[in-house]
Structures are given as C-alpha cells and as structure tokens.
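Please open the structure in a viewer and keep the selection panel at hand. The tour below proceeds stop by stop.

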Amino acid sequence: WTRYFLEAQGYKVDNAILYQDNKSAILLEKNGKLSSSSRTRHVNIRYFFIRDRIASKELSVEYCPTEEMLADFHTKPLQGAKFRQFRDMIMGISPIDFSV
C-alpha cells in the first residue's frame with residue numbers, strides 16, 4: 001500500500017526493495033515450495049502475495065544483516081549507539097565528532 005500512496009502523492013517508484021534479515025524467508029521466496037516444510041503452511045497467503053509482487057516486478061527482496069536493519073528503529077527498543085546511529089540515518093544528519 002505504501003507504493004500506491006507514494007504514487008498518489010506524485011512520486012514515481014521504480015524499484016521497491018524489501019530488506020529481509022531472515023535467510024529462510026528469502027529462500028522460500030526464491031525456491032517456492034521446495035524450501036517449505038509442514039511448519040510453513042501458514043505462510044501461504046503472505047508468501048503468494050510477495051511472489052505475485054516479485055513476478056510483476058513491483059518488488060524485489062534483498063538480504064540485510066540484522067545489525068543494519070533500519071526498521072528496527074521503529075519496532076524495537078534500542079539503546080545507546082545503535083539508537084543514535086539509526087536516528088541519524090533516518091533524520092539525514094551526520095554524527096557529531098566531539099574529538100575536534
């Protein structure tokens with residue numbers, strides 16, 4: 001829905017990237033049922049939604065290590081340096097160098 005919202009506001013979205021830190025989820029997306037087990041049956045609805053978006057070139061999935069997952073700023077309580085790093089990235093500011 002974010003893509004449709006941005007396009008309605010006049011922004012052109014060429015390549016939407018979904019960053020994922022779960023390699024099993026990426027394998028499921030790439031290999032389909034070959035990567036699934038009886039424990040992944042509940043994933044079918046979301047899995048096919050993502051597969052349809054990838055097939056229509058609306059979305060791509062890329063790996064992002066957990067330590068660099070910017071979305072954690074919005075979903076997890078972060079402390080100290082990690083909080084400041086993500087805050088600065090989101091706000092587009094450079095960290096202050098106090099050693100000068």
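Which residues does Asp-72 touch, not counting residues up to four places away in sequence? Select Asp-72 together with Thr-66, Leu-78 and Phe-86, for these three are the residues it touches. Please bear in mind throughout that the model is a predicted one.

Next, display the cartoon around this stop. Asp-72 lies in helix 4, which covers residues 72-75. Switch to a surface view: is Asp-72 buried or exposed? Asp-72 counts as buried because its relative accessibility is 10%, and the limit for that class is under 20%.

Now move to Asp-14. This residue is located in the loop that runs between helix 1 (2-8) and strand 1 (16-20). On the surface, Asp-14 is exposed, since its relative accessible area is 58% and the threshold for exposed is over 50%. Add Lys-12 to the selection and show side chains: a polar contact of 2.8 Å links the side chain of Lys-12 with that of Asp-14. Then select Arg-3, eleven residues from Asp-14 along the chain; the C-alpha atoms of the two are 9.7 Å apart.

Finally, select the whole protein. Five helices and two strands are present, and from the N terminus on they follow the order α-β-α-α-β-α-α. The protein has 100 residues, of which 15% count as buried. With the full surface displayed, about 8300 Å² is exposed, and carbon and sulfur atoms supply 57% of that area. Among contacts between residues at least 6 apart in sequence, 45% join residues at least 24 apart.

Notes. Residues are numbered from 1 along each chain as its sequence is written. This is a predicted model: local features need pLDDT of at least 70, side-chain atom pairs count only at pLDDT 80 or more; totals for chains, interfaces and linings use all residues. Side-chain values use heavy atoms; hydrogens and water are left out. Helices (H or I, at least four residues) and strands (E, at least two) are DSSP runs, numbered from the N terminus. Buried means under 20% relative accessible area, exposed over 50%, partly exposed in between (1.4 Å probe, protein chains only). A polar contact is a pair of N or O atoms within 3.5 Å; within protein, one must be able to donate a hydrogen and the other to accept it, and residues adjacent in sequence count only if both atoms are side-chain atoms. Contact means heavy atoms within 4.5 Å. Accessible areas come from the Shrake-Rupley method with a 1.4 Å probe; for residues, only the protein chains shown count as cover.
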